[in-house]
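Q: I would like to learn how to read the features of a protein structure one at a time. Could we look at one together?

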Amino acid sequence: MAATRRTMAAPLALCWLVLIVYASLYPFSGWRSQGVTPWAYLDAPWPRYWTGFDVLTNLLGYVPLGLLFALALARSGHTRLAWLFGLLGPALVSLLLEALQSYLPLRVPSLVDALLNAAGGALGGGLALSLLRRRWIRSWNRFRNAWQAEESVGGIVVLLLWPLALLYPTPIPYGLGQVWSRAVSALAAWLQDTPFEDWVPEPVEALPIGPLEQAAVVALCLWAPALLGYALLRGGRHRLVFSGCWLLLALAGGALSSALTWGPVHAWDGFTPPTWLGMLLAVSLALASLGLSQRAAAVLLLLELGLALGLLNGAPDIPYFVESLEVWEQGRFSRFHGVSQWLGWLWPYAALAIGLRLALYPPRALQCQRMSEPTQGAEPSSYYQRHIFFCLNQRANGESCCADHGAQAAFDHCKARVKELGLAGPGKVRVNKAGCLDRCAGGPIAVVYPEAVWYSFVDTSDIDEIVESHLRDGRVVERLLTPPDVGR
Ligand code: FES
């Protein structure tokens, strides 16, 4: 019955795996047997030339994979498998991808790469192990509960991918999603010599866009991630802090994208007067929309991002930009280009899909019964309508327990508040002490019956919300729900 807050580790692990497969097998062309077995690289001589860049990318690229594999398994209840798979999973993935590279003439499989990948994965798995041991995941859960208003793992993943998408160089700064002319060319090539050839729209000569139009596109494109954040996060100071991070990431992402494309001395070249004007407009719009409800932010996101994509995809290609980009594509970032390219093309459309879901469906709040409503068909009725149990367990051996995290104060506060609101007594609410409820990693913990809703609270304002929203009004406080996979 209880709504649940799902772990983000699994979808993030899947995303990272896709990125790694892409980067390892790019450019995916020319597949053929090269007369060697796929495992021949295991006893081939070691490469004579490596660069620090190769070592770092091979090592660091797999750290998140090991970390996310282990976290995804641990947080879905497979704690024992988590260590094994976190440590060995990335090594297996790398061995397999290196073997597949032996069918790609443009890629060179190497045992050194596989060893570095395995070491990176093991580092990540070890990091996950240490995070779980130190119970840092609990802090993360608290952080999520405090900040995230909407249960949308996909939304948070899309939001987190925005800074990576910015690395893809675009003719108009921040203009992600300019895919129309490429999509039409690809479709034309695909349908060539078929009866559907004539259905492909003819390319239209686009007029160059002026500085003011460019500033408007920058503003709309930059405003989109801010609105997505507002649709997912709580209001007030959370949105203000988020807006500060958004602006810093926009500046850093824009500069890094130019630096990677044209060289470090050109990092700030993209910040022309129209771009600054667009950024200024985006900041003003983001500040003006701080007070919107989550749903209104999602609706506005759909409208303004749709407009931005319309303007962007009507803009012509810039020949100099396209040529320079082709040179960069052949360079040392060729593998990452493929990844950032897809992110740069698809990010706005993923944001639109998330915005549509958030606009169509209101925040998922479970509606239970209000105190005043009788239980339909529940015979015989319960002596108490709701019972809340607080774990007050104190451990003498120094292990973390709810009593160390203010459980007693929260219990006292809850009792007083229930009394104050006239909710205490038979047929109403009962507040009880409990021993360890065996979900210590999410502590301090309380559970409300008959709905069997588990809460991880932080302070007395959380308790006030549980009392007023759930115990009195029958509305589950989603932001305080204990994640389903949290155990001892
Ligand atoms: S110590 Fe509170 S749930 Fe175990």
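A: Let us begin with burial: a residue is called buried if 20 or more other C-beta atoms lie within 10 Å of its own, exposed if 12 or fewer, and partly exposed in between. Please keep in mind that this is a predicted model. Take R107, which sits in the loop between α4 (79-101) and α5 (111-133): R107 has 19 other C-beta atoms within 10 Å and is therefore partly exposed.

Q: Which residue, 82 residues away along the chain, has its C-alpha atom 7.6 Å from that of R107?

A: That residue is L25, and the pair shows how positions separated along the chain by 82 residues can have C-alpha atoms 7.6 Å apart.

Q: How are helices α9 and α12 arranged relative to each other?

A: To read a helix pair, one looks at the angle and at the distance between the axes. Here α9 (residues 211-232) and α12 (residues 294-313) pack at about 150°, and their axes are 8 Å apart. Since angles over 145 degrees count as roughly antiparallel, α9 and α12 are therefore described as roughly antiparallel. Their crossing is left-handed. The contact involves, among others, V217, L220, W223 and L227 of α9, together with residues of α12 including A297, L301, E304 and A308.

Q: What kinds of residue make up the contact of α9 with α12?

A: The residues of this contact divide into 18 nonpolar, 1 polar and 2 charged.

Q: Which residues of α12 are buried?

A: The general idea is that an α-helix has 3.6 residues a turn, so residues three or four places apart point the same way. In α12, the buried residues are A297, A298, L300, L301, L302, L305, A308, L309 and L312.

Q: How can I check the span of α12 against its number of residues?

A: One compares the distance between the end C-alpha atoms with what a rise of 1.5 Å a residue would give: the 20 residues of α12 should span 28 Å, and because the end C-alpha atoms are 28 Å apart, the two agree. The same kind of check can be made on α15 (residues 407-420), whose 14 residues reach 20 Å from the first C-alpha to the last, close to the 20 Å expected.

Q: What do the buried residues of α15 pack against?

A: They pack against β1 (386-391), β2 (429-434) and α16 (460-472). The buried residues of α15 include F411, H413, C414 and V418, and also K415 and R417. After α15 comes G422, with a positive phi near 70°.

Q: Which residues other than glycine have a positive phi?

A: Two cases are worth reading with care. One is Y174, with phi near 70°, in the loop between α7 (153-165) and α8 (180-191). The other is D438, with phi of about 65°, in the loop between β2 and β3.

Q: Are Y174 and D438 buried or exposed?

A: Y174 counts as buried because 28 C-beta neighbours lie inside 10 Å, whereas D438 counts as exposed because 11 lie inside that distance.

Q: Where are there cis peptide bonds?

A: Here one reads omega, the angle about the peptide bond. The bond from G443 to P444 is cis, with omega near 0°, and P444 lies in the loop between β2 and β3 (445-449). The bond from Y449 to P450 is also cis, with omega near 15°, and P450 is in the loop between β3 and β4 (453-456).

Terms used. Residues are numbered from 1 along each chain as its sequence is written. This is a predicted model: local features need pLDDT of at least 70, side-chain atom pairs count only at pLDDT 80 or more; totals for chains, interfaces and linings use all residues. Helices (H or I, at least four residues) and strands (E, at least two) are DSSP runs, numbered from the N terminus. Axes are lines fitted to C-alpha atoms, for helices over the stretch in contact, and angles run from 0 to 180 degrees between N-to-C directions. Angles under 35 degrees count as roughly parallel, over 145 as roughly antiparallel, 65 to 115 as roughly perpendicular and the rest as oblique. A crossing is left-handed if the near helix is turned anticlockwise from the far one by less than a right angle, and right-handed if clockwise. Two residues are in contact if their C-beta atoms, placed from the backbone, lie within 7 Å. Ala, Val, Leu, Ile, Met, Phe, Trp, Tyr, Cys and Pro count as nonpolar, Asp, Glu, Lys and Arg as charged, and the others, Gly among them, as polar. The expected span of a helix is 1.5 Å times one less than its number of residues.
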